Amino acid sequence: MPTLIKNGTVITAADSVQADILIEDERVVLIGLDLSSEGAQVIDAAGKLVMPGGIDVHTHLELPFGGTVSSDDFFTGHRAAAFGATTTHIDFVIQPVGGSLKEGIEAWHDKAAGKAAIDYGFHVAITDLRDDVMAEIPSVVDEGITSLKLFMAYKGLFQVDDTTLFRAMQVAEEHGLLVMVHAENGDVIADLTARLLEEGKTAPKYHAAAHPAMAEAEATGRAVAFSGISGAPLYVVHVTCEEAVEQIALGRAKGFPVMGETCTQYLFIFEEDLAKPGYEGAKFVCSPPVRQPKDAGVLWKALAEGGLQAVSTDHCPFWFEGGVNGRIAGKELGREGFHQIPNGMPGIEDRMPVMWHAGVGGGRYSANRFVEIACTNPAKIFGLYPRKGTIAVGSDADIVIWDPNREHTISAATHHMNTDYNVYEGMRVRGWPEKVLLRGQVIVDGNSWLGAAGRGRFLRRKPFAEVL
Ligand SMILES: [Zn+2]
């Protein structure tokens, strides 16, 4: 049966208009005024906003890391995402050590099989760029994967040298792949980490001292320069600080095809949180680390004005108290030293509400810009637009009915992520999803889960990034 969303205000990156939306066979087929409801199931959106489902392009579900595995799988992570108005995400396939990219891709398809409840795509994170792997790069396009991630940090583990990074960017550019970089200078980090540990500085707060902002800025600038030299489009993931934003701005001012994202936590969590008493700071350990409030000010401005193109989460949850009550190991693994704390924070469920509340509610950007950085730009940059990321005739009917007046207090007691803490614990937000539709099917209705494992689909993405 067709579904008709009536009386809502439709918000896209371009417009805010009063209109009805008719959905048939999973897609939007008509947008108009006073559409007939004959033969259709009606959703009354009077007084509500109607927005595209969120797209989170940076997540790590069931990721093996630091002797354990991130605690959300493709079902629990998807269900949590949906409760937070996100209907599509792109997860990072990790090339197995000694193995091929194809083996990694197959492993990630296996993780999602039978569990996926929202739509998803993959990036491939290259961890071991041997000659045979360099030759394998073009083939990932045939797998529907059109972005690669390379690491400029994690020395002795995933880090690539400059020659390798530069070559990989050229190969990627030739075949329509977008290169994403984790931009931190891994040599500097390794040296600082060793020295801090020698001095007995093992507490979580030293994680920030080991990862200075300038080490991020230096690597960002280097990647930006490589993009300028090779012409290869570049997307810098998890930009955290003023100095790195400056490097991206410099490249963009020179006309290089450079883009960047920040992640939700860098706008709300700071170094002072890492320094919380006891071991609590471990909850907030991720790489690059959280910074200063002045950096968040720069990030908000960049999101509002176009210096950054998207906001994602880097969702990579671990239990704070893992290894008990049937839980896998978590943050407790780093009690002896900050370098052993599993890196990452939960956030896939919180992104849309907190970015709406503090962004639109806080007067930092418009509702249209919110849709642009959380839905539309991610879809465009990663080859999903206009199927995803907007509300238009022919687009998948991934739609959120958003109540701009509903208030909610975020808490681990009520969230759906598979973790025992929430980094936004106690934050009262105004604006909350009332209903969430995936390809025309209501999967979240208030507090009720109506989705199903196995209903999410793998998205084959288009090559050649749109550079925004
Ligand atoms: Zn990540």
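**Two domains and helix 5**

In this model, which is a predicted one, the C-alpha centres of domain 1 and domain 2 lie 28 Å apart. The domain assignment of the chain gives domain 1 as residues 3–51 together with 396–449, and domain 2 as residues 53–368. Where the two meet, 31 residues of domain 1 are in contact with 36 residues of domain 2. On the domain 1 side of that contact, strand 16 (399–409), strand 17 (428–438) and strand 18 (441–445) each supply at least two residues, and strand 17 gives the most, with seven residues. If we sort that side of domain 1 by class, we find 19 nonpolar, nine polar and three charged residues.

Let me now turn to helix 5. This helix runs over residues 186–198, 13 residues in total, and from its first C-alpha to its last it reaches 18 Å, close to the 18 Å expected at 1.5 Å a residue. Which residues of helix 5 are buried? They are Gly 186, Ile 189 and Thr 193, and because they cover an arc of only 55° around the axis, they sit on the same side of helix 5. As a general reminder, an α-helix has 3.6 residues a turn, so residues three or four places apart point the same way. What covers the buried residues of helix 5 includes helix 6 (206–210) and helix 7 (213–230), whereas on the other side of helix 5 we find Ala 194, Arg 195 and Glu 198 exposed. Finally, just after helix 5, Gly 200 takes a positive phi of about 80°.

Note on methods
Residues are numbered from 1 along each chain as its sequence is written. This is a predicted model: local features need pLDDT of at least 70, side-chain atom pairs count only at pLDDT 80 or more; totals for chains, interfaces and linings use all residues. Helices (H or I, at least four residues) and strands (E, at least two) are DSSP runs, numbered from the N terminus. The expected span of a helix is 1.5 Å times one less than its number of residues. A residue is buried if 20 or more other C-beta atoms lie within 10 Å of its own, exposed if 12 or fewer, and partly exposed in between; C-beta atoms are placed from the backbone. The arc is that of the directions from the helix axis to the C-beta atoms. Two residues are in contact if their C-beta atoms, placed from the backbone, lie within 7 Å. Domain bounds come from an automatic or database domain assignment. Ala, Val, Leu, Ile, Met, Phe, Trp, Tyr, Cys and Pro count as nonpolar, Asp, Glu, Lys and Arg as charged, and the others, Gly among them, as polar.
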